[in-house]
Amino acid sequence: MSKPTERLYYSDSYLASFRAQVLETSADGSRVILDRTAFYPTSGGQPYDLGEMEGVRVVDVLDEDDRIVHVLAGPLGEGNEPNCTVDWDRRFDHMQQHTGQHLLSAVLADLLQVQTVSFHMGAASSTIDLAASSVTREQLEQAERRANAVVQENRPVHVDVEDAATVVGLRKATERTGLIRVVTIDSLDRSACGGTHVRSTGEIGAILLRSTDKMRGNVRLEFVCGGRAVECARADYNFRTREYPQLAAAAAERLKDAEKASQKLLAELAGLQGRTLYSETNPNDRGLRIARKLLPTGPLGDEVRSEANAFTGGGKAVYVAVAEAPPSVLLASSADSGVHCGNLLKPLLAEFGGRGGGAATLAQGSFAGDARAVLERLLAAV
């Protein structure tokens, strides 16, 4: 009968360096079984540890029945008692996330009567699936505040071995039999768990709830703890101070280009309207086509000028547009119309207490008074 691996992480999650006896090695030397190990295998939603064994990288850790298999990047080499080192930064991060999950699940059960169905720890964030059809933003903010308050209280976290047949007070009943490992957050939670955990809630660090999604009738809640929460805050700050201004500048440039394109399209449309208006306007007894427009609002800008130029571009044509508010006028004519826009408009504007002028084929100005009266005077003059 093969000797089982003693799991040192059960008794001391903070153990990061140890020596052990090699029990078995694969033919190529890349799979090693030790008599004892502090390397945690993938289990219970928590990923495996990384590290080194006599300088050779440990790239995976597998739980095979009662033995732990260490997968190495290369052969272990000679020696039957390798020096082993767990990647402490990765281990402590996992301890923060896993203990944070216990705390958060307990708070959600207490405040919202919502139970945790499953837990998954990812490389950047972790998720818990909640047995609920929905959770409001206000409820999550309440839970987040309560969870962080427990962190600040720095409550002790105990790990004990108890008999599954007599254990009491578990947040979630266990299906295991015999001796089980129970993780207790003082006066808050008791859960059967084989993972690695910190000694007190203060070591979890800040708990930050990130997002929610619907998942098979449950709510999947994404969260980060400790160092990951700091990294998220730093990423958010960098986005606001570095990427956001660049994105805003790019958006402003796209908006500017869109406005130019819109203005071009409006000018093209106005030109089409001017040519259509010309074709639909019958010449008078002098062979002159006259377009008149009384507009409720101004200003008489590029679109009106584009329509006027297109209309007079057909020849023997005069275009008159008057806006009521603010009172303004535009007069355009073709070179063969016999109408000098500037000479005609300037004295009329002075008569109505306004000002303006222009060239022979286009003149504009503003005035005070009745827009309809100005329009009729111009039509009579041309």
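**Questions on a predicted protein chain**

Reader: In which strand is the place of S328?
Author: The model is a predicted one. In it, S328 does not sit in a loop but has its place in a strand, and that strand is β19.

Reader: Is S328 buried or exposed?
Author: The relative accessible area of S328 is 11%. A residue counts as buried when this value is under 20%. S328 therefore counts as buried.

Reader: Which residues does S328 touch, leaving out those up to four places away in sequence?
Author: Touching here means having heavy atoms within 4.5 Å. Among the residues that S328 touches are L300, A321, V322 and A323. The list is completed by G365, S366 and F367.

Reader: Where in the chain is P326, and what kind of peptide bond joins A325 and P326?
Author: P326 is in the loop between β18 (317–325) and β19 (327–333). Most peptide bonds are trans. The bond that joins A325 and P326 has an omega of about -10°, and its kind is cis.

Reader: What is omega for the cis peptide bond between G298 and P299?
Author: P299 is found in a loop, the one between β17 (289–297) and α5 (302–312). The peptide bond that joins G298 to P299 is cis, and omega is about 0°.

Reader: What is the phi of S187?
Author: Most residues other than glycine have a negative phi. S187 is found in the loop between β13 (179–185) and β14 (189–192). S187 is not a glycine, yet its phi is positive, near 60°.

Reader: Is S187 buried or exposed?
Author: A residue counts as exposed when its relative accessible area is over 50%. For S187 the value is 68%, so S187 counts as exposed.

Reader: What is the phi of R216?
Author: R216 lies in the loop between β15 (207–215) and β16 (218–225). Its relative accessible area is 71%, so R216 is exposed. R216 is not a glycine, but it has a positive phi of about 50°.

Reader: How many disulfides are there?
Author: A disulfide needs two cysteine sulfur atoms within 2.5 Å of each other. By this rule the count is zero.

Reader: How far from C225 is the nearest cysteine sulfur?
Author: C225 is in no disulfide. The relative accessibility of C225 is 0%, so C225 counts as buried. The cysteine sulfur nearest to C225 is that of C232, and the distance is 10 Å.

Reader: Is C232 buried or exposed?
Author: C232 is in no disulfide, and its nearest cysteine sulfur is that of C225. The relative accessible area of C232 is 14%, and the limit for a buried residue is under 20%, so C232 is buried.

Reader: How many helices and strands are in the protein chain?
Author: Both kinds of element are present in the protein chain. The helices number seven and the strands 21.

Reader: Why is the protein chain said to be more spread out than a compact globule, and what is its radius of gyration?
Author: For 382 residues, the globule rule gives 21 Å. The C-alpha atoms of the chain fill a box of roughly 120 × 50 × 35 Å along the principal axes. The chain is more spread out than a compact globule because its radius of gyration is well over the rule's value, at 40 Å.

Reader: How far apart in space are G338 and V69?
Author: G338 is in the loop between β19 and α6 (341–351). Its relative accessible area is 74%, so G338 is exposed. G338 and V69 are 269 residues apart in sequence, and from C-alpha to C-alpha they are separated by 100 Å.

Reader: What distance separates the C-alpha atoms of T25 and I68?
Author: T25 lies in strand β3 (residues 22–25). With a relative accessible area of 43%, T25 is partly exposed. T25 and I68 are 43 residues apart along the chain, and their C-alpha atoms are separated by 12 Å.

Reader: With which residues is T25 in contact, leaving aside neighbours within four places in sequence?
Author: A contact requires heavy atoms within 4.5 Å. Once those neighbours are set aside, T25 is in contact with R31 and V32.

Reader: What share of the residues of the protein chain counts as buried?
Author: The accessible surface of the chain comes to about 19900 Å², and 50% of it belongs to carbon and sulfur atoms. Of the 382 residues, the share that counts as buried is 42%.

Methods:
Residues are numbered from 1 along each chain as its sequence is written. This is a predicted model: local features need pLDDT of at least 70, side-chain atom pairs count only at pLDDT 80 or more; totals for chains, interfaces and linings use all residues. Side-chain values use heavy atoms; hydrogens and water are left out. Helices (H or I, at least four residues) and strands (E, at least two) are DSSP runs, numbered from the N terminus. The radius of gyration is taken over C-alpha atoms; the globule rule is 2.2 Å times the number of residues to the power 0.38. Buried means under 20% relative accessible area, exposed over 50%, partly exposed in between (1.4 Å probe, protein chains only). Accessible areas come from the Shrake-Rupley method with a 1.4 Å probe; for residues, only the protein chains shown count as cover.
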